[in-house]
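Thanks for making time this morning. I would like to walk you through one model, going from a turn to the strands around it and then to what is packed inside.

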Amino acid sequence: MISIDPSQLSAKDNYKFLIGSIIPRPIAFVTSQSPSGTVNGAPFSFFNVVSADPPMVSIAVQRKAGEQKDTARNIAQTKEFVVHIVDEGNVSKINETAASLKPDESEVELAGLTPIQSEVVGVPGVEEAKVRMECVLEQIVTAGGADLVIGRIVKFHIREDLYENGRIDKEKLQAVSRLAGNDYAKVGETFTIKRPD
């Protein structure tokens, strides 16, 4: 076993260890809107569930040279955003939204994604996602070089063919996850272990 002190490493080296070992990571495609109306979209693999009661999710938006990225800044200003699950059918277009654009340029437009009006929040979602969640901001915590955004889900949208008896069919969702570098993973072989009482 190799033991390494992260305080002796560069941020880049720590990042490589994190993304190489914490795998697979689910991917959130997040749409946000600037106060001037530009719809920004970006993928985040530092993403997870926070709570079921009330339903909340989190995304960690890494800062660039100490500055907030468009997503974190927009959410801080408008208090709303939409989280989409990335799947096999939309991952190529979502990957295009990782391009570095100016704040007044839309990654959603760049990737040719189809905006769809939300029901509760003012930020549009994208039609290409099988699952999307309209969120309102609960809290932003600045942690190290990132803005940890916690959002409360105020509306779920689930494509009808995925919805069965109050559950989502994972095979039909075809969610993809992030590995390291340019690598992604599909949901592959699964197995069941009963949890103890």
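**From a hairpin to the core**

Let me begin at the hairpin formed by E9 and E10, where 2 residues lie between the strands and where Gly-144 adopts a positive phi near 60 degrees. Please keep in mind throughout that this is a predicted model.

The two strands of that hairpin, E9 and E10, are antiparallel and are paired over 12 bridges; within this pairing, Val-141 has Leu-148 of E10 as its bridge partner. E9 also pairs with E6, again in the antiparallel sense, here over 5 bridges, and in that pairing His-84 is matched with Arg-132 of E9.

Which residues of the largest nonpolar core touch the most other members? That core has 22 residues, and the ones in question are Val-30, Ile-59 and Val-83. At least two residues each are supplied by strand E2 (28–33), strand E3 (39–44), strand E5 (55–62), helix H2 (70–78), strand E6 (80–85), strand E9 (131–143) and strand E10 (146–158). The strand we started from, E9, gives the largest share of this core, namely 4 residues.

If we stay with Ile-59 for a moment, and leave aside residues up to four places away in sequence, its contacts include Ala-28, Val-30, Phe-44, Phe-46 and Phe-47. Ile-59 also touches Thr-71, as well as Asp-147, Leu-148 and Val-149, and Leu-148 is the residue that we met as the bridge partner of Val-141. There is, in addition, a second and separate core of 12 residues, with Val-108, Leu-113, Val-126 and Val-176 among its members.

Let me turn now to an open sheet of 3 strands, whose order is E1-E13-E14 and whose pairing is antiparallel. Its edge strands, each of which pairs on one side only, are strand E1 (25–26) and strand E14 (184–186). Strand E13, covering residues 176–178, is joined to E14 by 3 bridges, and Ser-177 has Ala-185 of E14 as its bridge partner.

Finally, a word about a loop, the one between E6 and helix H3 (91–96), which is where Gly-89 is found. Is Gly-89 buried or exposed? Its relative accessibility is 69%, and because exposed means over 50%, Gly-89 counts as exposed. Gly-89 and Glu-128 are 39 residues apart in sequence, while their C-alpha atoms are 7.9 Å apart in space.

Conventions
Residues are numbered from 1 along each chain as its sequence is written. This is a predicted model: local features need pLDDT of at least 70, side-chain atom pairs count only at pLDDT 80 or more; totals for chains, interfaces and linings use all residues. Side-chain values use heavy atoms; hydrogens and water are left out. A nonpolar core is a set of buried Ala, Val, Leu, Ile, Met, Phe, Trp, Tyr and Cys residues joined through side-chain atoms within 4.5 Å. Buried means under 20% relative accessible area, exposed over 50%, partly exposed in between (1.4 Å probe, protein chains only). Contact means heavy atoms within 4.5 Å. Two strands pair if DSSP finds at least two bridges between them.
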